[in-house]
Structures are given as C-alpha cells and as structure tokens.
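Hi,

Here is the structure I promised to pass on. Have a look, and my notes follow below.

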Amino acid sequence: MDATILGAGIFGLSCAWAMVRRGARVRVIDPNGIAAGASGGIVGALAPHVPEQWNAKKAFQLDSLLMAETWWADVAAAGGGDPGYARAGRLQPIPDAAAEALAAERAEGARALWRGAATWRIEPAPDSWSPGTLRVIRDTLSARIHPARACDALARALRERGAEIAREGAAGGTVLHATGWRGLAALSDSQGRSGGVGVKGQAALLDLDRRDRPQLFVDGLHVVPHADGTTAIGSTTERDFDGTDTDDQLDALLARARAAVPELADAPVLRRWAGIRPRARSRAPLLGAWPGRPGHFVANGGFKIGFGMAPKIAEAMANLILDGHDAIPEAFSTAGLARRSGAD
C-alpha cells in the first residue's frame with residue numbers, strides 16, 4: 001500500500017478517494033465498518049458560514065462548497081452510488097428590522113466574497129414551506145447530502161477503483177488517522193494537550209417529502225429535505241453525555257421544529273439518531289502531520305461542517321501525503337499541537 005486510512009467516515013473515505021484518483025494504492029481500515037460513527041448521521045446540511053469577518057476557514061469552506069457538485073457527481077459516476085447531493089439553497093427567518101439590516105449587510109458581504117458563484121438575498125417568504133416570518137434570507141450556496149449514503153457512494157467508488165476497505169488489516173505505507181472523537185483523544189494524549197473533544201448530537205428523520213424544497217435554518221435547527229422523500233431535523237449540542245441513546249432532549253428538539261415549521265407538525269418520526277461528533281479545539285478541522293510520528297497524518301475535527309469541507313480537505317491531504325505539498329491553512333494545522341520541551 002502507498003497509504004493506509006484508519007477510519008471509514010467522511011474524512012477517511014474522502015481522502016482515500018482523492019488519493020486513489022491520483023493512482024495511489026490505498027487501504028481503508030475501520031473495525032466498525034463504513035460510516036459507523038458520526039458520519040452515519042441523518043441531517044446533511046452543507047451550509048456556509050455567514051459572509052462577514054472573512055478568514056481562512058471561511059475561504060476554505062467556500063472553495064469546498066463550490067467544488068462539491070462536480071466532486072460528488074464524479075463519486076456517483078465512478079461507483080454507481082447516490083450521495084443524495086443537491087445544491088437546493090436555504091431559507092432563514094428575518095424576525096425584525098434589526099435582523100433585516102444585518103441580513104442586508106451580509107448580502108453585500110456575499111457579493112464581495114462569494115465571487116458571483118452564489119447569492120445571499122432578502123425576499124418575501126415563498127409559501128407554507130418557510131421559517132414562519134414574512135421575509136426570509138435565501139442563500140444559493142447551501143446544499144444537502146445524505147450522510148450515510150454519501151459514505152456508501154464513496155466506498156463503492158473506491159472499490160470500483162481497486163481500493164481495499166476492511167475491518168482489520170496491516171497498516172502499510174503512510175498512515176492517515178481519520179478516527180473521529182476517539183482519535184482526537186488519542187492525539188491529545190500523545191501531545192499532552194487538548195486537540196479536541198467529542199460532542200453528542202441527536203436528530204430525527206421524518207416521513208415528509210419536500211425533496212424539491214430548500215433546507216431551513218430556524219430556531220437554531222436545520223430542517224433538511226432529502227432526495228429519498230424524508231426530512232431530517234437536527235441537532236442537539238451536548239458537551240456532557242453518557243452514551244449515544246436518544247432521550248428527552250430530542251423530544252424537545254422535535255417540539256421546537258414542529259412549532260417553527262407547521263408543515264412538520266403531523267409528520268411521523270421514522271428514525272431517532274444520536275452520535276458523537278469530533279470537535280477540534282479551534283472548531284476548525286484539524287489537519288496535517290501527527291507531531292512526533294513520522295509517516296503519520298491526521299484528518300479530524302469536522303464538527304458540523306465535515307461533509308461540506310470534505311472535498312477540499314481530501315484534495316489538501318492528498319497533496320500533503322502524496323506530493324509533500326502543504327497548503328493547509330495555519331488555523332487548521334496540527335503543528336500547533338506539537339509537544340514543546342518542558343510544556344504542559
């Protein structure tokens with residue numbers, strides 16, 4: 001093998017795909033199978049940061065969101081799987097005059113920063129599928145994806161190109177650790193300082209077909225219509241947790257969503273989901289060489305934005321691992337975690 005990827009979630013599979021497309025021999029190993037952790041979720045909101053206070057993280061995310069349509073189409077064509085991707089946009093409520101003034105400022109920011117590739121605009125709420133106000137923000141950059149199906153599509157594409165995906169095996173060649181929140185804990189232990197933590201999230205999948213409508217962001221919740229005729233709602237953010245069972249916090253989330261969007265009121269719940277997502281210390285993804293472990297690399301910390309960031313992260317990590325070209329933004333770099341003599 002040229003590279004071994006530990007972890008068959010979105011970061012591991014995406015990085016494997018970028019390497020395989022460049023001719024590398026790749027093995028993906030995950031004892032729990034494909035998308036067994038947070039990447040097997042149900043929400044799949046690929047939503048941008050607001051177009052203001054621009055920084056490297058937001059610029060990186062913009063590039064990734066803009067390349068996503070072609071990137072996921074290539075995955076689907078290679079393996080025949082359907083990731084459920086669609087750039088259908090997003091609606092957000094404008095509750096008062098102050099919020100409208102802020103939205104107008106951000107519309108100007110989008111015109112300057114999004115390079116004409118997408119818009120952020122104020123318009124009347126279109127119909128009953130709206131977040132409960134007369135006027136809304138509509139952005140045309142947001143997209144949706146079905147997380148578990150996207151990982152399955154990547155796995156199909158990788159196998160079609162000759163990559164190996166297994167539950168166990170020897171780690172040959174360069175090793176990339178894309179192992180979720182437990183991987184962040186292992187990295188933290190190795191450096192004597194925190195690289196990040198796990199944060200639990202709960203979500204629900206409803207039997208409501210709004211597949212041709214934009215996603216909503218209302219009352220802090222994502223409401224995402226999927227291509228299979230279901231609608232996902234999520235998610236909670238729980239820093240203190242014990243296990244991955246769903247509980248009354250999900251009941252409260254559902255009640256908020258039904259109150260905010262009347263069309264959700266009578267939709268039956270098909271599935272209740274909970275998982276632990278890796279949150280890097282900086283809230284940005286954590287990418288680069290594992291400090292002090294030659295030949296080992298890290299791609300982790302995709303808390304809430306991992307699927308949206310995955311296409312560009314995959315290409316950046318392939319550049320680093322295969323070509324030695326490091327174009328990872330400083331804000332994302334693992335170099336800041338390196339153990340210093342006498343520190344901590």
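How many bridges join strand 2 to strand 8? Three, and the two strands run parallel; strand 8 covers residues 164–166. Before going on, a word on the source: this is a predicted model, where local features need pLDDT of at least 70, side-chain atom pairs count only at pLDDT 80 or more, and totals for chains, interfaces and linings use all residues. Residues are numbered from 1 along each chain as its sequence is written, and side-chain values use heavy atoms, with hydrogens and water left out.

Back to strand 2 (residues 26–29): R27 sits opposite E164 in strand 8. Strand 2 also runs parallel to strand 1 (residues 3–6), joined by four bridges, and there L6 has I29 as its bridge partner. Both faces of strand 2 are covered, with V26 and V28 on one side and R27 and I29 on the other, all buried (under 20% relative accessible area, 1.4 Å probe, protein chains only).

Then there's an open sheet of eight strands, ordered 5-6-4-11-12-13-10-14, with mixed pairing. Strands here are DSSP E runs of at least two residues, numbered from the N terminus, and two of them pair if DSSP finds at least two bridges between them. Strand 5 (120–124) and strand 14 (269–280) are at the edges with a single partner strand each, so one side of each has no neighbour in the sheet. Inside that sheet, strand 10 (residues 196–206) and strand 13 (residues 231–234) pair antiparallel over four bridges, and A203 stands opposite G234.

Cheers

Methods
Buried < 20%, exposed > 50% of the residue type's maximum accessible area, 1.4 Å probe, protein only.
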